[in-house]
Amino acid sequence: MTSALPQQAGLTGDTQAPAEDRRHVIRRRALTLLIIVLLIGVPAGYLVISANQSRASGKDKEEKYSARGLTVGWPSKVQRRLYQVPIPHPANKVAWYETNNWKTSRLYVQFQTTQAGLDAFLKKVGVERSELIKSDITIGARDRHVTGWKFSGAGARPGANWGLVHQQKNPRPTHDIVVNTGNPTYPMVYVVSRLIP
């Protein structure tokens, strides 16, 4: 004997949910579309903006590190100490450029100084003025091409050039030095300091 369960009111099989009117359907679909756009479109927009910023940043870095030639201003103290290029005071027309590869690192520096400043520079490098040889262009063609320095011919600074190579044992740098005395009061100094890691 089984007892019949009483039926609950309102849950009969013949009741149906009321039909949605047209406005309600359109509003629900528009809301659904808006949610989809916000969930997909906003993150996608951020990705596009981020990618463009990253690309622009990469191009800026590429331009910075692929720059050729001298940069006006003083090399950092760390560079001057590492490459042992003691730029004297006073000095003007200071410019520099650094290159690095797995074989050799180079620091190119130019500056104009006084006669006393030239003596101080040479002394700190570890050479004497008497070691300079007239018309000896000790900076090679490759290094002159990198910096745009010209010591003879069109575009060269007038006056006598004096040069020397100050070779040192690793890990100390080797210096190729050219001094232009076109202005006898304020000589122009060109240095290529090479380090072999």
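Which side chains meet in a salt bridge with 2.4 Å from N to O? I will come to that pair in a moment, after a word on the model.

What we are looking at is a predicted model, in which local features need pLDDT of at least 70 and side-chain atom pairs count only at pLDDT 80 or more, while totals for chains, interfaces and linings use all residues. Residues are numbered from 1 along each chain as its sequence is written, and side-chain values use heavy atoms, with hydrogens and water left out.

Let me begin with the overall layout. The chain has 4 helices and 7 strands, where helices (H or I, at least four residues) and strands (E, at least two) are DSSP runs numbered from the N terminus. Along the sequence these elements follow the pattern α-β-α-β-β-α-β-α-β-β-β. Of the 197 residues, 31% count as buried; buried means under 20% relative accessible area, exposed means over 50%, and partly exposed lies in between, with a 1.4 Å probe and protein chains only. If we take contacts, meaning heavy atoms within 4.5 Å, then among those with a separation of 6 or more, residues 24 or more positions apart account for 56%.

Now to the salt bridges, and to my opening question. The side chains in question are those of Arg194 and Asp176, and a salt bridge here is a side-chain nitrogen of Lys or Arg within 4 Å of a carboxyl oxygen of Asp or Glu. This pair links distant parts of the chain, since Arg194 sits in strand 7 and Asp176 in strand 6, 18 residues apart. Arg194 is partly exposed, with a relative accessible area of 21%, whereas Asp176, at 5%, counts as buried. The whole structure has 4 salt bridges. Another of them joins Arg106 to Asp143, with the closest N and O atoms 3.4 Å apart; because Arg106 lies in strand 3 and Asp143 in helix 4, the pair ties together parts that are 37 residues apart in sequence. Both Arg106 and Asp143 are buried, and salt bridges that share partners join Arg106, Arg142 and Asp143 into one network. There is also a bridge between Asp119 and Arg129, whose closest N and O atoms are 2.8 Å apart.

Let me turn to the interior. The largest nonpolar core, that is, a set of buried Ala, Val, Leu, Ile, Met, Phe, Trp, Tyr and Cys residues joined through side-chain atoms within 4.5 Å, has 20 residues, and those with the most contacts inside it are Val85, Phe111, Phe121, Ile177 and Val189. The elements giving two or more residues to this core are strand 2 (91–100), strand 3 (105–113), helix 3 (115–125), strand 6 (174–180) and strand 7, and helix 3 provides the largest share, 4 residues. Phe121, if we do not count residues up to four places away in sequence, touches Val85, Pro86, Pro88, Phe111, Ile177, Val189 and Val191. Apart from this core lies another, of 10 residues, among them Tyr97, Ile139, Trp149 and Val192.

Two of those names, Tyr97 and Trp149, come back in one aromatic cluster, together with Tyr108, Phe151 and Tyr190. Rings of Phe, Tyr and Trp (its six-membered ring) pair if their centres lie within 6.5 Å, with planes under 30 degrees apart counted as stacked, over 60 as edge-to-face and the rest as tilted. By this rule there are 6 aromatic pairs. Trp149 and Phe151 make a tilted one, 6.5 Å centre to centre and with 55 degrees between the planes, while Phe151 and Tyr190 are edge-to-face, at 5.0 Å and 85 degrees. That second pair links distant parts of the chain, for Phe151 is in the loop between helix 4 (141–147) and strand 5 (161–166) and Tyr190 is in strand 7 (residues 188–195), 39 residues apart. Why does Phe151 count as buried? Because its relative accessibility is 9%, and Tyr190 counts as buried at 7%.

Finally, the surface. Leu31, Leu34, Ile35, Ile36, Leu38, Leu39, Ile40, Val42 and Tyr46 form a nonpolar patch with about 920 Å² of accessible area together. Patches are made of residues with over 30% relative accessible area and no salt bridge, like charges being joined within 9 Å and nonpolar side chains (Val, Leu, Ile, Met, Phe, Trp, Tyr) within 5 Å; accessible areas come from the Shrake-Rupley method with a 1.4 Å probe, and for residues only the protein chains shown count as cover. Leu34, from this patch, lies in helix 1 (residues 22–65) and counts as partly exposed at 47% relative accessibility.
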